[in-house]
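Got your viewer open? Let's take a walk through this one, stop by stop.

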Amino acid sequence: MSHLLKDNIPILKCLRIFFYILLLMSITSTTYFYNGNKINIFLFGLVSSFIFLFVFSKKAYFFEIFFGGLLWLGFWYKTFIIIVFNNYQFKEGAGYFDLFAYDKKIYILDNTLMVAIYGITGFLLACLVKNKFLYNFYSYKKLRKNIESFVNIKTLLIFFIIFIIIFFIIVFSNFFFGIYQRGILATFKVHFLISAIYKWLLLFGFSSFVAFSFAFTFKNKLRVYFFSLISIIETFLTSISFLSRGMIFNLFAIFIGLYKSNKIFKLNLNLKFFLIYLFSILIFFYVSVISVNYLRANIFFVKLDSAHTKQNDEQNDEQNDEQIDINIVKKYNTHRKAFSEFLSLSKTRWVGIDALVAVESYDSKSYGLFIESFKDRFNKTKYPFYERKIQQRTKNTKIQTIEYGITTPGILAFLYYTGSKFFVFVLVFIISIIILTIERFIFLFFNNLVLCSVLSQVLAYRLIHFGYMPQNTYLLLTSFLLTILGLLLIKKIFIKKDI
C-alpha cells in the first residue's frame, strides 16, 4: 500500500527492508540445511525471490501478482518448509520419491530444482518483455473517465435484484443437492449444461459480476463500502456452497483491484478502510476454511453410496453409523483442532515442488507421455492420469464413497511430462505473454481494474493448478470468453447514451 503510506516513507522503507531480510534469511537457512547441490538451491531461492521485483512493481499486471505469488508459495515457500522443518517429507504426495534411498532422493531434488528454475525464469522473462512492449497498461488517460456519469441507475438496480435472487437460488440449491462440490461426486444428477452453469457461477461468475459492479460505485464511497461487504458475503457463501477452501483467491483479487483503482481513479479511500477490509477478508476466510473442513470430514465424506450400503447387513450398518458418530466428534470439533488443520493446510496445499518431484521421479517421461495425458477421461472408479500414471496410485473399488478428491500437477510439472527443461521454459514464457496480453485487452474493454484483477486471478489460479484432464481446457476458455461478452452486453445496457 505504498501510495497510502506516502506520508510515512520511513515506515514503508522499514517494511520493505524487513520483508527482504526475511527472504534473505529463508534463502540462507534453506541453503545451509540442504544436503544436495547448494548452488542449485541458492539459485532456486534467488530466482524465486526475483518474482517480487515484478509483484511489487507499481506497473505490475494482476497476472504477475497472482501467478508470481502462487509460484513462490508452491515452489520456494513449500521447499523451505520441507527442507528446514519437515526433513524432506512431502505431505501432498511426491510419487515414488519416498521409496528411494537417501542419495537418490537428493539427486532427484537437485534435478527438480533446475526444472523449477527453468520454469520460473520463463515467467520472469515474460514479465520483462511485458515491461518493454506492454508497459503502458495504465497510461490511457482518456479511458479513465468515470463511466458512472452515464450509468442507468434504475437498470443497475434491476440487475442487482436479479443477481441477488439467482445467487441465493444457486448457492443454497447447490449446497443441499450437491450439484457441484469440491472433492465430491455429484449426488443430484442434472443436465450437463445446468451443471456447467452452476460450476461457472460458483467458481468465478458471481465474483466477476460483483467486480464488474464496482465501476459504478466510484463516485460514492457508501456504494464502495456496500459492494466491499457484498464481495465478502458472496465469496463466503459461494465457498461454503461448493465446499471450497479457496475463498481468499477471488476476494483478494477484488481487494487488490480496488486498491489499484484507489490510486488510478483517485477514489480517496484511506488506509483505515483497506485495513478493515483486509482484516475482514482474513477473518471470513479463516471461518470458511474451518467450516468447510468440518463439513467435509464429518458430514459429506462419511456418506456412502447406496451400492455400498446394500452390501452390508443391518448389524454392519449399525457399526458404521456408530463409527461415523465417533468421527464427527473427533474431527475439527474444537478451536484448537480447527486452527491446527488450518495451519497444516497453509503449509501443504500449495501446488508446486512436490508434483515436480513426482514427475522427476518418473522414469518414462517423453513427449508421448505428454500427448497421452490429453486422452484422459473421467472415471470415478480410478484416479486421473497424473495420480494413476505419475504417482502410480490405484483406487480401492470395493469401498465406494461420494468422495472424489484430485491432485493436480500444476503447469510446470505438467509440461515436464516431456522430460525437457527447455520445453518448460518456452511454454511458460509463451503462455504468460498470452495471458498478460489478454489482461491488457480486458482493461481496454472495461476500464475496470477490479474486474481485470478477478479475471486475471482466475487464469493464474487455473494455470498453477493445471493438469487435470487438460483436454477440457476449452471449457474454461469458453466460460471465460462468455463472461467477457456477457459483461460487455450488460455494460452497454447499463450506460446511457451521452446526448
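Select Lys130 to begin: is this residue buried or exposed? Lys130 counts as buried, because its relative accessibility is just 1%. Keep in mind that you're looking at a predicted model.

**Stop 1: the partner of Lys130**

Now add Glu64 to the selection. Lys130 and Glu64 form a salt bridge, and their closest N and O atoms are 2.7 Å apart. Color by helix and you'll find Lys130 in α4 (residues 102-133) and Glu64 in α3, so this pair ties together parts that are 66 residues apart in sequence. Glu64 is buried too, with a relative accessible area of 1%. As a general point, side chains of opposite charge can pair when their charged atoms come close.

**Stop 2: more salt bridges**

How many salt bridges does a search of the whole structure find? The count is five, and two more of them are worth a click.

Select Arg388 and Asp376, whose side chains meet in a salt bridge at 3.4 Å, N to O. Arg388 sits in helix α15 (residues 385-390) and Asp376 in the loop between α14 (367-372) and α15, so the pair links parts twelve residues apart in sequence. Arg388 is partly exposed, with a relative accessible area of 29%, while Asp376 counts as buried at 6% relative accessibility.

Next, pick Arg393 and Glu387. This is another salt bridge, with the closest N and O atoms 2.7 Å apart. Arg393 is partly exposed, having a relative accessible area of 34%, whereas Glu387 counts as buried at 1% relative accessibility.

**Stop 3: a charge with no partner**

Jump to Glu234, in helix α7 (residues 221-241). Which side chain of opposite charge is nearest to Glu234? That would be Arg462, 11 Å away; Glu234 is buried yet has no salt bridge. Show the surroundings of Glu234 and, leaving aside residues up to four places away in sequence, you'll see that Glu234 touches Phe163, Phe167, Phe206, Ser207 and Val210.

**Stop 4: a nonpolar patch**

Switch on the surface and select Tyr20, Ile39, Phe42, Leu43, Leu46, Phe50, Leu53 and Phe56. Together they form a nonpolar patch on the surface, with about 740 Å² of accessible area. Which helix gives the most to this patch? Helix α2 (residues 38-55) does, with six residues. Phe56 is placed in the loop between α2 and α3 (62-84), and at 48% relative accessibility Phe56 counts as partly exposed.

**Stop 5: a positive patch**

Stay with the surface and select Arg16, Lys58, Lys263 and Lys266, which gather in a patch of positive charge. Arg16 belongs to helix α1 (residues 9-33) and counts as partly exposed, with 44% relative accessibility.

**Last stop: zoom out**

Clear the selection and go back to the whole chain. What does the cartoon contain? There are 19 helices and zero strands. Of the 499 residues in the protein chain, 50% are buried. If you draw a contact map, look away from the diagonal: among contacts with a separation of 6 or more, 79% come from residues 24 or more positions apart. Finally, show the full surface: the protein chain exposes about 24,800 Å², with carbon and sulfur atoms supplying 66% of it.

Definitions and conventions:
Residues are numbered from 1 along each chain as its sequence is written. This is a predicted model: local features need pLDDT of at least 70, side-chain atom pairs count only at pLDDT 80 or more; totals for chains, interfaces and linings use all residues. Side-chain values use heavy atoms; hydrogens and water are left out. Patches are made of residues with over 30% relative accessible area and no salt bridge: like charges are joined within 9 Å, nonpolar side chains (Val, Leu, Ile, Met, Phe, Trp, Tyr) within 5 Å. Accessible areas come from the Shrake-Rupley method with a 1.4 Å probe; for residues, only the protein chains shown count as cover. A salt bridge is a side-chain nitrogen of Lys or Arg within 4 Å of a carboxyl oxygen of Asp or Glu. Lys and Arg count as positive and Asp and Glu as negative; His and the chain ends are not counted. The place of a charge is taken as NZ of Lys, CZ of Arg, CG of Asp or CD of Glu. Helices (H or I, at least four residues) and strands (E, at least two) are DSSP runs, numbered from the N terminus. Buried means under 20% relative accessible area, exposed over 50%, partly exposed in between (1.4 Å probe, protein chains only). Contact means heavy atoms within 4.5 Å.
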